[in-house]
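Me: I would like to learn how to read the features of a protein model one at a time. Please give the general idea first and then the case at hand.

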Amino acid sequence: MGFSSILFLLFLGAITWFWLDTVRVLEIARTHCKRTCAQYHLQLLDDSVSVTGISLARNKRGQVVLQRNYRFEFHHAGEDVRTQGSLIMRGNQLMMIDIPEYMDSTFFEYGR
């Protein structure tokens, strides 16, 4: 097996890890959105969240992890308005969730 074949397999492994990790964190983010929306008697629309950005950040232990920013839409019963919320995941930890007009403060921080 040549050096280029080994590099290709390493690259393929990294892509596979990134994809599986992204799917896992997306499910965690969706669960946080559902739970928070239920807490405020809101409906998570389309039962989905979508990624808006990915960057590197440090977690509480100082390790470099992927930070993923998500957006989701929700509405309150009786209203026909779709409102956007946002969520930040650092690694697999929820760092912030923003549900405008429904939370006591604009951002609710976790993990500090």
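Me: In which sense do E3 and strand E4 (residues 93-98) pair, and over how many bridges?

Reply: The model is predicted. E3 and E4 pair in the antiparallel sense, and five bridges link them. One residue pair in this register is Leu87 with its bridge partner Ile97 in E4.

Me: How many residues lie between E3 and E4 in their hairpin, and which glycine in the turn has a positive phi?

Reply: Two residues lie between E3 and E4, and Gly91 in the turn has a positive phi of about 70 degrees.

Me: How many bridges join E2 to E3?

Reply: Eight bridges join E2 to E3, and the two strands run antiparallel. Phe72 has Gly85 as its bridge partner in E3. The hairpin of E2 and E3 has six residues between the strands, and there Gly78 takes a positive phi near 90 degrees.

Me: How many bridges join strand E1 to strand E2?

Reply: Twelve bridges join E1 (residues 42-58) to E2 (residues 64-76), again with the strands running antiparallel. Val49 has Phe72 as its bridge partner in E2. Phe72 therefore pairs with Val49 and also with Gly85 in E3, given that strands and bridges are assigned by DSSP. Five residues lie between the strands of the E1 and E2 hairpin, where Gly62 takes a positive phi near 85 degrees.

Me: Which side chains of strand E3 (residues 83-90) are buried, and which are not?

Reply: In a regular strand the side chains alternate between the two faces of the sheet. In E3, Thr83, Gly85, Leu87 and Met89 point to one face and are buried. Gln84, Ser86, Ile88 and Arg90 point to the other face and are not buried.

Me: What describes a pair of aromatic rings? How many aromatic pairs are counted here?

Reply: A pair of aromatic rings is described by the distance of the centres and the angle of the planes. The count here is one aromatic pair. Phe72 and Phe74 form it, with 6.0 Å from centre to centre and 40 degrees between the planes, and it is classed as tilted. Phe72 and Phe74 are both buried.

Me: How many salt bridges does the count come to?

Reply: Side chains of opposite charge can pair when their charged atoms come close. The count comes to six salt bridges. One of them joins Arg82 and Glu73, whose closest N and O atoms are 2.7 Å apart. Arg82 is partly exposed, with a relative accessible area of 44%, and Glu73 is partly exposed at 22%. Elsewhere, salt bridges that share partners join Asp21, Arg24 and Arg68 into one network.

Me: Where do Asp21 and Arg24 lie, and how many residues apart are they?

Reply: Both lie in helix H1 (residues 3-39), three residues apart, which is about one turn of the helix. Their side chains meet in a salt bridge with an N to O distance of 2.6 Å. Asp21 counts as buried at 11% relative accessibility, whereas Arg24 is partly exposed at 39%.

Me: Which residue forms a salt bridge with Lys34?

Reply: Asp47 does, with the closest N and O atoms 3.3 Å apart. Lys34 lies in helix H1 and Asp47 in strand E1, so the pair ties together parts that are 13 residues apart in sequence. Lys34 is partly exposed, with a relative accessible area of 40%, and Asp47 is partly exposed at 40% relative accessibility.

Me: Which residues does Arg30 touch, not counting residues up to four places away in sequence?

Reply: Arg30 touches Asp47, Ser48 and Val49 on that count. Arg30 has its place in helix H1 and is buried, with a relative accessible area of 17%.

Me: Which residues is Leu26 in contact with, leaving aside its neighbours within four places in sequence?

Reply: Leu26 is in contact with Val49 and Tyr70. Leu26 is found in helix H1 and is partly exposed, with a relative accessible area of 23%. The C-alpha atoms of Leu26 and Ser50 are separated by 8.2 Å, and these two residues are 24 apart along the chain.

Me: Which residues make the nonpolar surface patch?

Reply: Met1, Phe3, Ile6, Leu7, Phe8, Leu9, Leu10 and Leu12 make a patch of about 890 Å². Among them, Phe8 has its place in helix H1.

Note on methods
Residues are numbered from 1 along each chain as its sequence is written. This is a predicted model: local features need pLDDT of at least 70, side-chain atom pairs count only at pLDDT 80 or more; totals for chains, interfaces and linings use all residues. Side-chain values use heavy atoms; hydrogens and water are left out. Helices (H or I, at least four residues) and strands (E, at least two) are DSSP runs, numbered from the N terminus. A salt bridge is a side-chain nitrogen of Lys or Arg within 4 Å of a carboxyl oxygen of Asp or Glu. Buried means under 20% relative accessible area, exposed over 50%, partly exposed in between (1.4 Å probe, protein chains only). Rings of Phe, Tyr and Trp (its six-membered ring) pair if their centres lie within 6.5 Å; planes under 30 degrees apart count as stacked, over 60 as edge-to-face and the rest as tilted. Contact means heavy atoms within 4.5 Å. Patches are made of residues with over 30% relative accessible area and no salt bridge: like charges are joined within 9 Å, nonpolar side chains (Val, Leu, Ile, Met, Phe, Trp, Tyr) within 5 Å. Accessible areas come from the Shrake-Rupley method with a 1.4 Å probe; for residues, only the protein chains shown count as cover.
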